[in-house]
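Student: Could you take me through a close look at one part of this structure, and then show me how other parts are packed? I would like one connected explanation that I can follow with the picture beside me.

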Amino acid sequence: MSLVHTDDAPFPLAADPGSNAPVSSKARLKAIVGGATGNLVEWYDWYAYAAFTLYFAPHFFPSADPTAQLLGAAAVFAVGFFMRPLGAWMMGIYADRKGRKSGLALSVTLMCAGSLLIAVAPTYESVGLLAPAVLLLARLMQGLSVGGEYGASATYLSEMAGKKRRGFFSSFQYVTLIGGQLVAIGVLLLLQAVMSEADLEAWGWRIPFAIGAVLAVVVFWIRRGLAETESFKNAQSSDAPKSGALTLFKHHPREAMTVMLLTAGGTLAFYAYSIYMQKFLVNTSGFSRETASQINGASLFLFMLLQPVAGALSDRIGRKPLLIGFGVAGVLCTYPLFATLETTRDPVTAFLLVMGGLIIVTGYTSINAVVKAELFPAHIRALGVALPYALANTLFGGTAEYVALTFKDAGWERGFYWYVTAMIAVSLVVYIRMKDTRDSSAIVED
């Protein structure tokens, strides 16, 4: 693979354009900020569904039982994840063949359409079963979008980051991912403050989806103006085989399986402590919806700030110690944390317990994007990151809420705690056995 920069390189270089000189820090930062901003809006659109589930669920799944309503909405949330492997496959190939920025622009277009559809969706009261069908269609579109988003954004940020600070800069993928969730919660808290409960339940829940659709249009134009990565340009000029699922699993089966297994425990733990936690605090701990939102928002804000700290640490000590730290602490602490939260009635205590879980999960979230990107060569990197991750995320992350609520509905809520613990243990075995990708990275550009 040629590492020579051509004259049309998108960044100012420190030396002659024909040399292998590194990209300037200013140019690198500009590209990362541009890519990360779009990622934030993309994930805001995705998480708005979870943040407002408590308000819109009765309009699509009428029932006298609140848990049954949440189960219906959680089922649609989970089904949306089943489109993620398809999106990962389609847009992973697209990003490998047409460019990372083209993949990013396509994914946000689909997200815009999905959010707009939810904003205008009819209710069960007016159209019957057509209402949940429309909601499902919108969520499938969003799932297709996010399936491609993760691989394209993780690849773009990792390739733009530079060798010495790759862990730090690529961690902003989860900074913006969590930031999108925080913005969704922030919109929820704002609407709770300025609207009556009745208005929010009647029609106010549509507002965040309308906001998301508008922001997605803005992000589309931002992403169209992003510079392309040198890794992609070098791959295009080489004789490497074209990206495709058959090529991925035929030539990189070990790496693909590694991505799936290292993701399983991490994504399940992340969704348990972030997405499901808001419902858990209301439905199990007994907090009000407003208090649960405040606890969730405050803990996620600090969690977001931890990502670049842990990412920078991985540049110094390696990726593997952080992953193993998450695995060991997750196995030992998941059950005690959730069991204690069951009986907690003090908001401060609840916040500290949730924060403890999120600190543990940081060992995975802060570096999972760069670890996956460092496993694959450039010609198949976006697909290699996206597809195995999407498969694992669909099986374990997307179903986390539904599994948790099913255990609760069956009268054995603590079964979910054991389930999360077991899957973290599976991932821990992978962390122990794999190489440290900081030292064996397939990203060859500086």
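Tutor: Let us begin with Ala198, which lies in helix H10, a helix made of residues 197-202. Please keep in mind throughout that this is a predicted model. Is Ala198 buried or exposed? Its relative accessible area is 53%, and because the cut-off for exposed is over 50%, Ala198 counts as exposed. In sequence Ala198 is 143 residues apart from Tyr55, yet in space the two are 9.8 Å apart when the distance is taken from C-alpha to C-alpha.

Tyr55 leads us to helix H2, which spans residues 53-60 and is mostly covered, since 6 of its 8 residues are buried. Tyr55 itself belongs to that buried group, together with Thr53, Leu54, Phe56, Ala57 and Phe60. So the pair we started from joins an exposed residue, Ala198, to a buried one, Tyr55.

From here we can turn to Ser171, which sits in the loop between helix H8 (166-170) and helix H9 (172-194). Ser171 has a relative accessible area of 0%, and therefore it is buried. Leaving aside residues up to four places away in sequence, Ser171 touches Gln307, Pro308, Gly311 and Ser366.

Two of those partners, Gln307 and Pro308, also appear in the contact between H9 and helix H16. Two packed helices are described by the angle between their axes and the distance between the axes. For H9 and H16, which covers residues 289-317, the axes come within 9 Å and cross at roughly 155°. Because an angle over 145 degrees counts as roughly antiparallel, H9 and H16 are roughly antiparallel to each other. Their crossing is left-handed. On the H9 side, the residues making the contact include Phe172, Tyr174, Val175, Ile178 and Leu182, while on the H16 side they include Leu300, Phe301, Phe303 and Met304. Sorted by class, the residues of this contact divide into 13 nonpolar, 8 polar and 2 charged.

Helix H15 offers two further examples of packing. With helix H21, which runs over residues 400-409, H15 packs at an angle of about 25°, and the two axes are 10 Å apart. Since angles under 35 degrees count as roughly parallel, H15 is roughly parallel to H21. The crossing of H15 and H21 is right-handed. Ile275, Tyr276, Lys279 and Asn283 of H15 make this contact with Glu401, Ala404, Leu405 and Lys408 of H21. These residues divide into 4 nonpolar, 1 polar and 3 charged.

The second partner of H15, a helix of residues 275-283, is helix H17, made of residues 320-342, and here the axes come within 10 Å and cross at roughly 35°. In this contact Met277, Phe280 and Leu281 of H15 meet Phe338, Leu341 and Glu342 of H17. By class, that contact has 5 nonpolar residues, no polar ones and 1 charged.

H17 also gives us a place to look at cysteines. Cys333 has a relative accessibility of 31% and therefore counts as partly exposed, whereas Cys112, at 16%, counts as buried, because buried means under 20%. As for disulfides, which would need a pair of cysteine sulfur atoms within 2.5 Å, the count comes to 0.

Note on methods. Residues numbered from 1 in each chain as written. Predicted model: local features only at pLDDT ≥ 70, side-chain atom pairs only at ≥ 80, totals over all residues. Heavy atoms only, no water. Helix = DSSP H or I, 4+ residues; strand = E, 2+ residues; numbered from the N terminus. Buried < 20%, exposed > 50% of the residue type's maximum accessible area, 1.4 Å probe, protein only. Contact = heavy atoms within 4.5 Å. Axes fitted to C-alpha atoms, helices over the stretch in contact; angles between N-to-C directions. Parallel < 35°, antiparallel > 145°, perpendicular 65-115°, else oblique. Left-handed = near helix turned anticlockwise from the far one by under 90°. Nonpolar A, V, L, I, M, F, W, Y, C, P; charged D, E, K, R; others polar.
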